Amino acid sequence: MDTSNWIAEAREGLRELATDDIRESGLLPGDGNKFFPVIGYPPLTMFRDMDQGPLFENLDLRPASPTIAYAHIPFCPSRCTFCHWITKTKSKADAVDEYLDHLAQEMALYRSNMGVDAIPARSVLIGGGTPTYLDPKQMERFLRDFTRHFDLSACSQFSMEAEPTTLLGREGLEKLRIMKDYGVDRISLGVQSFDDDVLGAMGRTHSNADTLESIRQMRRAGIDNIAIDLIYAYPNQTVEQWVEGMLTAVSLDIESYQLYRLRIRQHGDRQGNILQVQQKKPDRFPKADEIQLMKYLGIMISERHGFDEHQTRIFARQADDISHYLRDWCCDLTDVTGVGVSAWSNLRGVFSLNEGDADLENYYRHIREGRVSVNRGKIRSADDERRRCFILPLKNTRVSKRVFSERTGEQVEAAFGPQMAWLEGLGLLAQDAEHVWLTRRGRFFADEVATQFFDPNYLPFPEVVRAPDGLPA
Ligand SMILES: C[S@@+](CC[C@H](N)C(=O)[O-])C[C@H]1O[C@@H](n2cnc3c(N)ncnc32)[C@H](O)[C@@H]1O
Ligand code: SF4
């Protein structure tokens, strides 16, 4: 099927989903031009000043949950125009070593505050930044420290993020072999686009040929679970280019991919340059209807090639290949021990956020003083917990009514009955005796529907039409 046929079919599919009705109902922020991805609840913007105190206080008395682990490595070959993460570019080896020293100390601080010899983790993500920016010696040292402080004996998946140029050549292969030896069994590669011009505009240092070679390198090193990240709705990107990109993605020797809609506004402490680009050249950015078309094409081309959407926007041939870290976090609502600059943790009812200043000296200061680098957080209220236990599974897979009431002591219907009825009426949500889930139409607007269950004080776009909450005014 050629590109124009894919596009014509996608237009037809969108008509069947009647997405225009949803736009007209006022449920989409900025009429579909604005966007807020729901990756946690409450959102980080609701965290307030807090030190490590509440995170570790009376830990033994608080109900325990399974834990997953995250470590942030804030170094990259270049600063991508779209990126809002905390990272530094072209860092010298001694600057990286200094960070790894502090990171190891922070892991030890977590361990002693939690009163364990090693922190159990049922899945792991090493992210960034670009963890594979480390050279082979640094990688070995980091993984030695990490596997000493975390107990991975019951870990189902050890995932690491990577950028293509960092995996090339002899050094890249050596690094990959070290990763494999320490148990890394899944790599998530930042590909973003298969078009060299788009990659250049994004400020990436790799070409499409580098991407393909880095995938071959991972296979040579015996990595058998490869995921890639792609971005759509990038300035100047056409719908035709996106179709070509998707057709390339489904033909690659990979297990899964995640499709990210370009996020223009920051989600954490740092605002990427893309906002300035938008302010200067707004016309270059795809509009809401083109973005919807790209999103639909992503789903349709994936389904037709055996890549199912196992978690919202995450496509894989087999369910078990997706990120266990994200699955545990979003669907099983696990605790998280997060180390490194800008990392967050979730420990027995308390969220914490580490220092997020790009000046690493601020991160080091806490550790030198013998504390983990937490500077913000949130002790979850019963209402925060009720909403979190509904929002994250709903957005990503489905809510089990039994699990919800075990966790919160309430029935789903009592907590969210009027909102659910309203969204059912719009054809966005469905339920039976056991579960609540998003319909195909609802899944298409997963972030917007999830936001409907936010506390009214936490809304990213307060102007959006709200479902009635049934509470007296
Ligand atoms: C923390 S990044 C790490 C990946 C790796 N450093 C790389 O870029 O090669 C994880 C993914 O988030 C996605 N991402 C980052 N900034 C984004 C933005 N502004 N909008 C949409 N997706 C974004 C990208 O697809 C990226 O691969
Ligand atoms: S997208 Fe990845 S490589 Fe680019 S600056 Fe962000 S973390 Fe670094």
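Here are legends for five close-up views of this predicted model.

**View 1. The surroundings of ligand 1.** Let's start with the shell of 18 residues around ligand 1. Glu 163, Gly 190, Asp 229, Tyr 260 and Arg 263 are the closest of them. Three strands each hand over at least two residues to this shell: β6 (124-128), β9 (186-192) and β10 (226-232). Sorted by class, the shell around ligand 1 holds seven nonpolar, seven polar and four charged residues.

**View 2. The surroundings of ligand 2.** Walk along the chain and you pick up the neighbours of ligand 2 in a few groups. Cys 76, Arg 79, Cys 80 and Cys 83 are among them, and so are Trp 85 and Thr 87. Gly 128, Gly 129 and Thr 130 also sit around ligand 2, along with Glu 163 and Gly 190. You may recognise Glu 163 and Gly 190 from the previous view, where they are listed among the closest residues to ligand 1. The class count around ligand 2 comes to four nonpolar, five polar and two charged residues.

**View 3. Helix α1 meets helix α9.** Here α1 (residues 3-17) crosses α9 (residues 239-251) at roughly 105°, with the two axes coming within 10 Å. Angles of 65 to 115 degrees count as roughly perpendicular, so that is the label for α1 and α9. On the α1 side, look for Thr 3, Trp 6 and Ile 7; they meet Val 239, Glu 240, Val 243 and Glu 244 of α9. By class, this contact has four nonpolar, one polar and two charged residues.

**View 4. Helix α11, end to end.** Helix α11 covers residues 288-304, which makes 17 residues. At 1.5 Å a residue it should span 24 Å, and its end C-alpha atoms are indeed 24 Å apart, so the two agree. Plenty of names turn up on its buried list, including Ile 291, Leu 293, Met 294, Tyr 296, Leu 297, Ile 299 and Ile 301. Gln 292, Lys 295 and Ser 302 are buried too. After the helix comes Gly 306, with a positive phi near 80°.

**View 5. Arg 204 in its loop.** Find Arg 204 in the loop between α7 (196-202) and α8 (208-220). Is Arg 204 buried or exposed? It counts as buried, because it has 25 C-beta neighbours inside 10 Å. Setting aside neighbours within four places in sequence, Arg 204 is in contact with Ser 78, Cys 80, Gln 192 and Leu 199. Cys 80 also appears around ligand 2. Ser 112, by contrast, lies 92 residues from Arg 204 in sequence and 40 Å from it in space, C-alpha to C-alpha.

Key. Residues numbered from 1 in each chain as written. Chains lettered and ligands numbered in written order. Predicted model: local features only at pLDDT ≥ 70, side-chain atom pairs only at ≥ 80, totals over all residues. Near = placed C-beta within 6 Å. Helix = DSSP H or I, 4+ residues; strand = E, 2+ residues; numbered from the N terminus. Nonpolar A, V, L, I, M, F, W, Y, C, P; charged D, E, K, R; others polar. Expected span 1.5 Å × (residues − 1). Buried ≥ 20, exposed ≤ 12 C-beta atoms within 10 Å, placed from the backbone. Axes fitted to C-alpha atoms, helices over the stretch in contact; angles between N-to-C directions. Parallel < 35°, antiparallel > 145°, perpendicular 65-115°, else oblique. Contact = placed C-beta atoms within 7 Å.
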